[in-house]
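These are my notebook entries from a session spent looking things up in one structure. I went element by element and wrote down what I found.

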Amino acid sequence: PSTMLSMSRALVLATCLTVARALHAPTPPCRHALRVTSPRLATKKKVSKKGGARGFGGGAAKQAVKELTPEQLQWRDLKEWVASSGGAADAVRLTDCGGGLRGLKAARDLAKGDEILRIPRSIILDVERAEASPVSGVWRSSGGALPGYLKLGLALLYEVRRGAASDLLPYLAMLPTQDEFAAGGGPAAMWSDDELALTECAHLIDFAKRRRGQSRGEGVPALQPDALAASWAECGLPGEPPGRDELAWAVGAVTSRAYGVGSGSGLVPVVDMANHDGRTPQHTAKGLEEDGRSFVVLATEPIRKGTQVCLSYGELPNCVLLPQFGFVLASLDAPPDLPLVDFTPCLREAEGAAGGAALLLSLAEDGLLVREGDGSISCWQAAGASLQVALLNLHEAGALNGGGEEEAAAASAPAAARHAWRRYRDLLQGTLAGYSTGVAEDRRRLGLGGAAPTASDARGVVVDAGGAAVTPLPPPNGASRVAAEGEAAAAAAEVEWLQGWA
């Protein structure tokens, strides 16, 4: 998916990139993902007519043979490889799905329940295969476990270095190269700091930078340049040890293409060329068969010949789709994202108060605060009732002060409520202050008028490096930007009401 869904480094998101949501939010009913740029498919080169193209011609009668592009030849080789391995991929064809978006389309009419793809486990590069590979010596020699995506990244680099000796060669030939990733922009996790800064979305920037560091093996002793070079040589692995840029490419390919396989994840040939389907329900279903021997894709409804065959990458909001896959969803009719606020000021204050750290963990256990993957309390919390209740609990317990007022936060229930609402308002306003414009200004620039914005009006702007060519574009969490401003206004009104009531 990362090849077909990339973002040009010449185009950057400039305005209306909004406050994001936690990582698991419902996906809007959008059939296709929006490609931000349209990199060309592989340059078409003529295939030599000498002897005819494989699979065509033959016999005494002369036939007109349609010449295939290099990419079409690779696709033919890939399908033949899948078939020779005991699988099937003849129900789909690889094609341009519009605007340079590469994807799969049905090669024939498909009925509900029809098998679209069958990929044998033997040609899937999964964690189990990585563990059995000679490259596993890299992490075994260090005595430390690596995350699955890093194991798969190293296994991919090992297969690439094996070249023609790799039994995955037809699949490797279809993967995007480092240069193609660089030219197309790739996932936002591969963008430079300057490019990320133009989004003005602090949560997106933080998330993308953390993913970038993870993809380069930062903080992992076994993957530091000297250690990796030593273990690579000690294990007798082919070629030079990979550098950080190459490791980042491999991990980027893995995290933008892998699907769940067994108890882990893996690169599933052909399946990973399907675009994302945000509809509910999807028109396909996927997974390992019960015996674990093949990964299959089935049609859950009739699919006409020529229709794009899509899969779901998961119920992920745009603030995850852009850093991981390099695209945002085109529809904002049912926005997947709630506004996130920077909770850092309250988090640090509560952690420093007596009993504050324990209370924070208790609130997370109750589902009122969001945790990071490592179990720590996230600096980014979803705006809404849960955060409001958490702030009220923190004020009542004295873990947060009364904002500098003489009245102690825990002195009375009305006082605690006022302080909690004031903190909630300040968190929202502080997060929104990170943007150079508001939704009303964005609407004006996009020619949408100055009326009160709606979720369907929330869009961003794409500008080229020279500042020309302004084009409407759904930003990651554009609709949640509208929601954030609405939440901030409501919180301010609540504070004003409570002050009057007191």
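Entry 1, a covered strand. I started with strand β4 (residues 102–106), which is mostly covered, since 5 of its 5 residues are buried. I keep in mind that this is a predicted model. Next I looked up which way the side chains go: Arg102, Leu104 and Ala106 point one way from β4, while Gly103 and Lys105 point the other way, and all of them are buried. I then searched for the partner of β4 and found strand β3 (residues 92–96), which pairs with β4 in the antiparallel sense over 5 bridges. To have one pair to look at in the viewer, I noted that Val92 has Ala106 in β4 as its bridge partner. The two strands, β3 and β4, form a hairpin with 5 residues between them, and in that turn Gly98 has a positive phi of about 115°.

Entry 2, an open sheet. I looked up a sheet of 3 strands, which is open and has the order β5-β10-β9 with antiparallel pairing. Its edge strands are β5 (115–120) and β9 (284–288), each of which pairs on one side only. From one strand to the next, the twist averages 10°. Within this sheet I followed one pairing more carefully: β9 and strand β10 (residues 294–299) run antiparallel and are paired over 5 bridges, and Thr284 stands opposite Ala299 in β10.

Entry 3, the partners of β8. Which strands are joined to β8 by bridges? I found that strand β6 (residues 125–126) is joined to β8 by 2 bridges, the two running antiparallel, and that Asp126 stands opposite Gly266 in β8. Strand β7 (residues 259–261) is also antiparallel to β8, to which 3 bridges join it, and here the bridge partner of Gly260 is Ser265 in β8. I added that β7 and β8 form a hairpin with 2 residues between them, and that Gly262 in the turn has a positive phi of about 65°.

Entry 4, the largest core. I asked which residues touch the most other members of the largest nonpolar core, and found that, of its 69 residues, these are Ile116, Leu154, Leu156 and Val270. Helix α4 (residues 148–162) gives the largest share of this core, with 7 residues. I then took Leu156 and listed what it touches, leaving out residues up to four places away in sequence: Leu125, Leu172, Leu175, Trp249, Ala250, Ala253, Val254 and Leu267. There is also a second, separate core of 22 residues, which includes Leu347, Ala399, Tyr424 and Leu427.

Entry 5, helix α10. I checked the length of helix α10 (residues 244–255) first: at 1.5 Å a residue, its 12 residues should span 16 Å, and the end C-alpha atoms are 16 Å apart, which agrees. Is the helix enclosed or open? Of the 12 residues of α10, 10 are buried, so the helix is largely enclosed by the rest of the structure. Among the buried ones I wrote down Glu246, Trp249, Gly252 and Thr255. The cover over the buried residues of α10 includes α4, α6 (178–184), α8 (202–215), β8 (264–267) and α11 (318–325).

Entry 6, one residue of that helix. Ala253 lies in helix α10, and I counted it as buried because its relative accessibility is 0%. Leaving out residues up to four places away in sequence, Ala253 touches Leu156, Phe181 and Leu267. I compared two distances for one of these: Ala253 and Phe181 are 72 residues apart in sequence, and 9.3 Å apart in space from C-alpha to C-alpha.

Entry 7, helix α11. All of this helix is covered: 8 of the 8 residues of α11 are buried, so the rest of the structure largely encloses it. The buried residues include Asn318, Cys319, Pro323 and Phe325. After α11 comes Gly326, whose phi is positive, near 90°.

Entry 8, a serine in a loop. I finished with Ser136, which lies in the loop between α2 (127–132) and α3 (137–140). Is Ser136 buried or exposed? I count it as buried because its relative accessibility is 6%, which is under 20%. A polar atom of the Ser136 side chain lies 3.2 Å from the backbone oxygen of Glu131. Apart from neighbours within four places in sequence, Ser136 is in contact with Ala130 and Glu131.

Methods. Residues are numbered from 1 along each chain as its sequence is written. This is a predicted model: local features need pLDDT of at least 70, side-chain atom pairs count only at pLDDT 80 or more; totals for chains, interfaces and linings use all residues. Side-chain values use heavy atoms; hydrogens and water are left out. A nonpolar core is a set of buried Ala, Val, Leu, Ile, Met, Phe, Trp, Tyr and Cys residues joined through side-chain atoms within 4.5 Å. Buried means under 20% relative accessible area, exposed over 50%, partly exposed in between (1.4 Å probe, protein chains only). Helices (H or I, at least four residues) and strands (E, at least two) are DSSP runs, numbered from the N terminus. Contact means heavy atoms within 4.5 Å. The expected span of a helix is 1.5 Å times one less than its number of residues. Two strands pair if DSSP finds at least two bridges between them. Axes are lines fitted to C-alpha atoms, for helices over the stretch in contact, and angles run from 0 to 180 degrees between N-to-C directions. A polar contact is a pair of N or O atoms within 3.5 Å; within protein, one must be able to donate a hydrogen and the other to accept it, and residues adjacent in sequence count only if both atoms are side-chain atoms.
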